[in-house]
Amino acid sequence: MLKEKIGFIGAGRMGSALIRSVLEKRLVSSKSLWVCDKIPEKLSSFSERGVNTSVKIKPMIKGVDIIFIAVKPQDISEVLENLKNKIRSSQLIVSIVAGITTSYIRQKLSLEIPVVRVMPNSPALMGEGISAISPSGGTNEENVRTVKEILGAAGEIIEVPEELQDAVTGLSGSGPAYIYTLLEGLVEGGIKVGLSKEVASRLAIQTTLGAAKMAKESGISLDELRRAVVSPGGTTSEGLRVLEKGGFKSCLAQAVIRGTERARELRR
Ligand SMILES: NC(=O)c1ccc[n+]([C@@H]2O[C@H](COP(=O)([O-])OP(=O)(O)OC[C@H]3O[C@@H](n4cnc5c(N)ncnc54)[C@H](OP(=O)(O)O)[C@@H]3O)[C@@H](O)[C@H]2O)c1
């Protein structure tokens, strides 16, 4: 168990996924957790589990060592205004707010406080996410280790320089939506060739999961894995020809590039 007390500001989709994984993996006791959200209904399931809850930020500030900020980008200035002059430099801030830099947070708080920026993704809800973390200058090794342990409860961790966070947003932040689109295409094709929606969905989902597991665990390159499925003049080579003609691969790459650009635009 961690010795730190942890507070979350924002118990929306991503905040509550992280809180639940912290509770499920028993990283801290419910008494060492604080959850704060403007909407009281979002707090009830946590208070039932013995977690400290509040609709206001102020009551939780003093009692926690680490503060996770999990609000939408348009709400962060109000949150920082609430924290200003109340937060201490010995506390640690972890922000999952898309596009918001660690220097912006430190500047708004007028405090040399350690800040870690994180970009998680939605499979964190199932403990299968991946979070890219970027510690700011003021963080020490223990801060980083603790953040990795907390986020590790919701999936994998990767450390990247902060200037690459927009690129991470474009790939793994938005990526689940691209995978669902890919699945929809496979299911649509399956239905067109006579499968029921249920059967086509099961085949498409398990094929995607299995292929991802092969890519992750076999140690074989993507190109080699693909070639192992293709026989000359066979079915897969015909299908791949269709994908190539439609620009499938470069279209996916363009989506990542455009998403990254959009993250930059939104920050400005
Ligand atoms: N969802 C994802 O897949 C994903 C992936 C990566 C990163 N993120 C990042 O995670 C952050 C949260 O996203 P989300 O999808 O979880 O958003 P969300 O569902 O809108 O949750 C944010 C919650 O924070 C509350 N809130 C806003 N201002 C507050 C304040 N001053 N004090 C207390 N609570 C406050 C909101 O209440 P109101 O609704 O009343 O404003 C809402 O309940 C975003 O910055 C997003 O970029 C999300």
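**View 1. The residues around the ligand in this predicted model.** The ligand has 24 residues around it. Among them, Met14, Asp37, Lys42, Val71 and Ala98 come nearest. Sorted by class, the shell holds 13 nonpolar residues, seven charged ones and four polar ones.

**View 2. Helices that contribute to the ligand shell.** Two helices each supply at least two residues of this shell: α1, spanning 13-24, and α4, spanning 76-83. The most comes from α1, which gives three residues.

**View 3. Polar atoms facing the ligand at arginine 13, lysine 38 and lysine 72.** In the side chain of arginine 13, an N or O atom is 3.1 Å from an oxygen atom of the ligand. Lysine 72 also uses its side chain: a polar atom there lies 3.2 Å from a ligand oxygen. At lysine 38 the backbone takes part instead, with a polar atom 3.2 Å from a nitrogen atom of the ligand. Taken alone, the ligand exposes 900 Å², and the protein buries 83% of that area.

**View 4. The pocket that holds the ligand.** The ligand takes up space in the second largest pocket. About 1,200 Å³ of space lies in this pocket. Its lining is made of 44 residues. Nearest the pocket centre lie Met14, Ala70, Val71, Lys72 and Pro73.

**View 5. Helices and residue classes in the pocket lining.** Which elements give two or more residues to the lining of the second largest pocket? They are α1, α4, α7 (165-173), α8 (175-192) and α12 (248-267). The largest share is that of α12, with five residues. By class, the lining divides into 22 nonpolar, eleven polar and eleven charged residues.

**View 6. Met14 and Val71 beside the ligand and in the pocket.** Met14 and Val71 are among the residues that come nearest the ligand. Both are also among the lining residues that lie nearest the centre of the second largest pocket.

Terms used
Residues are numbered from 1 along each chain as its sequence is written. This is a predicted model: local features need pLDDT of at least 70, side-chain atom pairs count only at pLDDT 80 or more; totals for chains, interfaces and linings use all residues. Side-chain values use heavy atoms; hydrogens and water are left out. A residue is near a molecule or strand if one of its heavy atoms lies within 4 Å of it. A polar contact is a pair of N or O atoms within 3.5 Å; within protein, one must be able to donate a hydrogen and the other to accept it, and residues adjacent in sequence count only if both atoms are side-chain atoms. Accessible areas come from the Shrake-Rupley method with a 1.4 Å probe; for residues, only the protein chains shown count as cover. On a 1 Å grid over the protein atoms alone, a cavity is a set of points where a 1.4 Å probe fits but cannot get out, and a pocket is an open set with protein on both sides within 12 Å along at least five of seven lines; lining residues have an atom within 4 Å of a point. A molecule sits in a cavity or pocket if more than half of its atoms lie within 2 Å of its grid points. Helices (H or I, at least four residues) and strands (E, at least two) are DSSP runs, numbered from the N terminus. Ala, Val, Leu, Ile, Met, Phe, Trp, Tyr, Cys and Pro count as nonpolar, Asp, Glu, Lys and Arg as charged, and the others, Gly among them, as polar. Grid points are joined across faces, edges and corners, and a volume is the space filled by probe spheres set on the points.
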